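Here are some exercises to help you find your way around a new structure. Try each task on your own, then follow the solution step by step.

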Amino acid sequence: MSKAEILAELPKLKAEERRQIYQRLCELQEQDLLKGAGPSEEEKKLLDAALAEYEKDRDKGRPWREVIGELRARRAS
């Protein structure tokens with residue numbers, strides 16, 4: 001089956017079937033990254049833009065541990 005055929009069939013699938021396909025694609029992407037495949041050119045541009053934004057104002061963000069702790073505390077309440 002060609003890529004064009006696959007893309008044409010996707011809208012015909014039920015939401016759960018598309019979710020399963022999306023999950024599998026994510027797993028394959030993760031495997032590629034673990035094998036050393038780097039980000040795409042588009043992903044590199046997004047990462048560079050995010051880094052540039054962060055470097056403009058480093059006080060804008062919060063450490064991930066702080067954020068996850070806050071989320072866990074909310075969940076426990």
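**Exercise 1. Find out how much of the chain is buried, and relate that to its overall dimensions.**

Solution. Start with burial: buried residues account for 1% of the 77 residues in the chain. A residue counts as buried when its relative accessible area is under 20%. Next, look at the radius of gyration: the chain has 19 Å, whereas a compact globule of 77 residues would have a value near 11 Å. Then take the extent along the principal axes, where the C-alpha trace spans about 50 × 40 × 25 Å. Finally, turn to the surface: the chain exposes about 7,400 Å², and 56% of that comes from carbon and sulfur atoms.

**Exercise 2. Decide how far the coordinates can be trusted.**

Solution. Keep in mind that this is a predicted model. Its mean pLDDT is 90, and 100% of the residues reach 70 or more. Now go element by element: confidence is highest in helix H1 (residues 3-9), at 95, and lowest in H4, at a mean of 90. As a reading habit, where pLDDT is low, predicted coordinates should not be read in detail.

**Exercise 3. List the secondary structure, then check the length of helix H2.**

Solution. First, count the elements: the chain has four helices and zero strands. Read along the sequence, they give the pattern α-α-α-α. Second, take helix H2, which covers residues 15-34 and so has 20 residues. At 1.5 Å a residue, helix H2 should span 28 Å. The rule multiplies 1.5 Å by one less than the number of residues. Third, compare with the model: the end C-alpha atoms of H2 are 29 Å apart, which agrees with the expected span. Last, step just past H2, where glycine 36 adopts a positive phi of about 105°.

**Exercise 4. Explain how arginine 19 and glutamate 16 are placed relative to each other in helix H2.**

Solution. Begin with the contact: the two side chains, of arginine 19 and glutamate 16, form a salt bridge at 2.7 Å, N to O. Now use the sequence: because arginine 19 and glutamate 16 are three residues apart in helix H2, about one helical turn separates them. Then check exposure, using the range between 20% and 50% for partly exposed. Arginine 19 has a relative accessible area of 44%, so this residue is partly exposed. Glutamate 16, at 41%, is partly exposed as well.

**Exercise 5. Which residues are joined into one network by salt bridges that share partners?**

Solution. A search of the whole structure finds eight salt bridges. Pick one of them: the side chains of arginine 62 and glutamate 70 meet at 2.9 Å, N to O. Glutamate 70 also meets arginine 74 in a salt bridge, at 2.6 Å, N to O. Glutamate 70 and arginine 74 both lie in helix H4 (residues 64-76), four residues apart, or about one turn of the helix. Salt bridges with shared partners thus join Arg62, Glu66, Glu70 and Arg74 into one network. To finish, compare accessibility with the cut-offs. Arginine 62 is partly exposed at 44%, and glutamate 70 is partly exposed at 29%. Arginine 74 has 56%, which makes this residue exposed, as the cut-off for exposed is over 50%.

**Exercise 6. Find a nonpolar patch on the surface and look at one of its members.**

Solution. The patch is formed by Ile21, Leu25 and Leu28, with about 240 Å² of accessible area together. Choose leucine 28, which lies in helix H2. Its relative accessible area is 32%, so leucine 28 is partly exposed.

**Exercise 7. Locate serine 40 and arginine 72, and work out how far each is from a chosen leucine.**

Solution. Serine 40 sits in the loop between H2 and helix H3 (41-56). With a relative accessible area of 34%, serine 40 is partly exposed. Between the C-alpha atoms of serine 40 and leucine 7 there are 20 Å, and the two are 33 residues apart along the chain. Arginine 72 belongs to helix H4 and is exposed, with a relative accessible area of 57%. Its partner for this step is leucine 46: arginine 72 and leucine 46 are 26 residues apart in sequence and 29 Å apart in space, C-alpha to C-alpha.

Methods: Residues are numbered from 1 along each chain as its sequence is written. This is a predicted model: local features need pLDDT of at least 70, side-chain atom pairs count only at pLDDT 80 or more; totals for chains, interfaces and linings use all residues. Side-chain values use heavy atoms; hydrogens and water are left out. Helices (H or I, at least four residues) and strands (E, at least two) are DSSP runs, numbered from the N terminus. A salt bridge is a side-chain nitrogen of Lys or Arg within 4 Å of a carboxyl oxygen of Asp or Glu. Buried means under 20% relative accessible area, exposed over 50%, partly exposed in between (1.4 Å probe, protein chains only). Patches are made of residues with over 30% relative accessible area and no salt bridge: like charges are joined within 9 Å, nonpolar side chains (Val, Leu, Ile, Met, Phe, Trp, Tyr) within 5 Å. Accessible areas come from the Shrake-Rupley method with a 1.4 Å probe; for residues, only the protein chains shown count as cover. The radius of gyration is taken over C-alpha atoms; the globule rule is 2.2 Å times the number of residues to the power 0.38. pLDDT is the predictor's confidence in each residue, from 0 to 100.
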